[in-house]
Amino acid sequence: IAWMEVQVSSFDQVRRLSGTIHPVEATDLSFEVGGKVEWVKVKLGDVVKRGEPLARLDQRNFNLSLQSSQANLQKANAALSEAKNEFNRYTELVEKGLVSKSGFDNAKAAYESSLSAVNLAKAQVNISKKDLNDSLLTAPYDGQITKRLIEPSMQISPGQTSFQIEGDDGLEIQVMVPETLIRDLSKGNKINIHYPAF
């Protein structure tokens, strides 16, 4: 006769599920402007601090663009000064009835046009300054370089991925859980993880 002694046993079941591990904080880094890479300061695996320079594009074109926009601003300011003086003269003369209303209107329109040109030139200077600042790529947070996709003298376009960086906030695991198990899971459950590579 086959027989077995009855014993107390646990109803616990062990289910093994596979998943993938991802860093909590990770991102692709790219320049907002295009150009030729002048230098790259970091290598694959380097640990970097927030704000640390990683790479820079050739500055010549950005500096020339800034100088050009600053010259346009000076030119616009000179034209505005002349148009303002003309407008002020016409304002005094029209009150005395010495000039026509159309001449005054023309002077006013020229003044307002010069004012708009100055505002446009100021915006262009700000854009040129921003482009110059964007030609230097810095680390957004403390972390480690996990990919380096650029080299010095390489021509890159805006938005092209240059590096991948992972933060120091640890790892998270993504697991596909069957519907039959989801109802048994709740926040705060401790799960044992086995990672073969470790």
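**Salt bridges and a nonpolar surface patch**

At 24% relative accessibility, Arg56 counts as partly exposed, a class lying between buried (under 20% relative accessible area) and exposed (over 50%), evaluated with a 1.4 Å probe and protein chains only. The model is predicted, so that local features need pLDDT of at least 70 and side-chain atom pairs count only at pLDDT 80 or more, whereas totals for chains, interfaces and linings use all residues. Residues are numbered from 1 along each chain as its sequence is written, and side-chain values use heavy atoms, with hydrogens and water left out.

Arg56 and Glu38 meet through their side chains in a salt bridge (3.2 Å, N to O), defined as a side-chain nitrogen of Lys or Arg within 4 Å of a carboxyl oxygen of Asp or Glu. Because Glu38 lies in strand S3 and Arg56 in strand S5 (residues 53-57), the pair ties together parts that are 18 residues apart in sequence; strands (E, at least two residues) and helices (H or I, at least four) are DSSP runs numbered from the N terminus. Glu38 is likewise partly exposed, at 36%.

The count of salt bridges comes to 7. Among them, Glu32 pairs with Lys130, their closest N and O atoms being 2.9 Å apart; since Glu32 lies in the loop between strand S2 (26-30) and strand S3 (35-40) and Lys130 in helix H2 (residues 101-134), this contact ties together parts that are 98 residues apart in sequence. Lys130 also forms a salt bridge with Asp134, at 2.6 Å between the closest N and O atoms, and Glu32, Lys130 and Asp134 are thereby linked in a network. Within this network, Glu32 is exposed at 56% relative accessibility, Lys130 is partly exposed at 41%, and Asp134 is buried at 17%.
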